[in-house]
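Colleague: Hi! I'd like to go through the empty spaces in this protein with you. Could we start with the enclosed ones and then move on to the open ones?

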Amino acid sequence: ICGSHEVNVAKCVHGILSDVLRYHEENPSVWPQWELGNQYISRIASRVDSRAHGELLLMLQLLLPGTNNFYYGDELGMMDLDSDSEVPRQRGAMQWADAYEGGFTSAEQSQVPINEDYRQYNWGVSDQHYGVAIASIAIRFQDEWKKEKSTLKMFSKLSKLRTKDDTLMSGHTLLGELSGEAFTIVRYSKTGNDFIGSVSTSC
């Protein structure tokens, strides 16, 4: 998995994408499925030591054809817990709100630690109920949405765009050449030269 241990993260990502996209081009009956984070590996933003670069990778994933799997909290730019955590560092409590224990629980002593930055990076829940009841709460983006730019805002808008445009789901994908620490990816329609968009990643 590409991360800060790589001399060039963009080169690592570009190499993997080149191979996987070529495979799907040669095997069109195999539907692509992408996953950059899960419960077994360090969180995206922590792997690249940067929320900004983590957001670029998340954006890249949303621009790829096929189906996406996301690990909870990556849409916020959540980071790994401290190294002395009693649970795996990537499995910290979900940062729901700027509230006690991040809105994850109302217990006096949570068994799942939460990152200290939960007040700056959270979904913003519109209720004071926690735990299991949180699934039924109407969630608003009050904290992250107020920011001019945020990982959550990018994630929400691009996810919504994917549901409305077939090009982003099943259109052609053009991966540009690696140039230093950056490359370009372009999605375009199958039926013409109508480019839906491009993103240049620099890691």
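Modeller: Happy to! Keep in mind that this is a predicted model. For enclosed spaces, the count comes to 1 cavity of 30 Å³ or more.

Colleague: How much space lies in that largest cavity?

Modeller: About 50 Å³.

Colleague: And which residues line the largest cavity?

Modeller: The lining is made up of I44, A45, R51, G54, E55, L58, D74, G77, M78 and T151. Two elements give two or more residues to this lining, namely α2 (44-47) and α3 (51-63). The largest share comes from α3, with 4 residues.

Colleague: How does the lining of the largest cavity divide by class?

Modeller: There are 4 nonpolar, 3 polar and 3 charged residues.

Colleague: Okay, on to the open spaces. What volume does the largest pocket have?

Modeller: The volume of the largest pocket is about 500 Å³. Its lining has 19 residues, and those closest to the centre are L21, H24, E25, P65 and G171.

Colleague: Which elements give two or more residues to the lining of the largest pocket?

Modeller: Those are α1 (9-26), α6 (166-170) and β3 (172-175). With 6 residues, α1 provides the largest share of that lining. By class, the largest pocket is lined by 10 nonpolar, 6 polar and 3 charged residues.

Colleague: Let's do the second largest pocket too. How much space is there?

Modeller: The second largest pocket holds about 260 Å³. Its lining consists of 13 residues, and C2, V13, I16, E35 and L36 lie nearest the centre. Here the elements giving two or more residues are α1, β1 (33-35) and α3.

Colleague: What classes do the residues lining the second largest pocket divide into?

Modeller: You get 10 nonpolar, 1 polar and 2 charged residues.

Colleague: Changing topic: I clicked on N122. Where is its place in the chain?

Modeller: N122 sits in the loop between β2 (67-69) and α4 (142-146).

Colleague: Is N122 buried or exposed?

Modeller: N122 counts as buried, because its relative accessibility is 0% and the cut-off for buried is under 20%.

Colleague: Which backbone oxygen does the side chain of N122 reach at 2.8 Å?

Modeller: That would be the backbone oxygen of Y118. A polar atom of the N122 side chain also lies 3.3 Å from the backbone oxygen of R119.

Colleague: Great, I'll look for those two contacts in the viewer. Thanks!

Note on methods. Residues are numbered from 1 along each chain as its sequence is written. This is a predicted model: local features need pLDDT of at least 70, side-chain atom pairs count only at pLDDT 80 or more; totals for chains, interfaces and linings use all residues. Side-chain values use heavy atoms; hydrogens and water are left out. On a 1 Å grid over the protein atoms alone, a cavity is a set of points where a 1.4 Å probe fits but cannot get out, and a pocket is an open set with protein on both sides within 12 Å along at least five of seven lines; lining residues have an atom within 4 Å of a point. Grid points are joined across faces, edges and corners, and a volume is the space filled by probe spheres set on the points. Ala, Val, Leu, Ile, Met, Phe, Trp, Tyr, Cys and Pro count as nonpolar, Asp, Glu, Lys and Arg as charged, and the others, Gly among them, as polar. Buried means under 20% relative accessible area, exposed over 50%, partly exposed in between (1.4 Å probe, protein chains only). A polar contact is a pair of N or O atoms within 3.5 Å; within protein, one must be able to donate a hydrogen and the other to accept it, and residues adjacent in sequence count only if both atoms are side-chain atoms.
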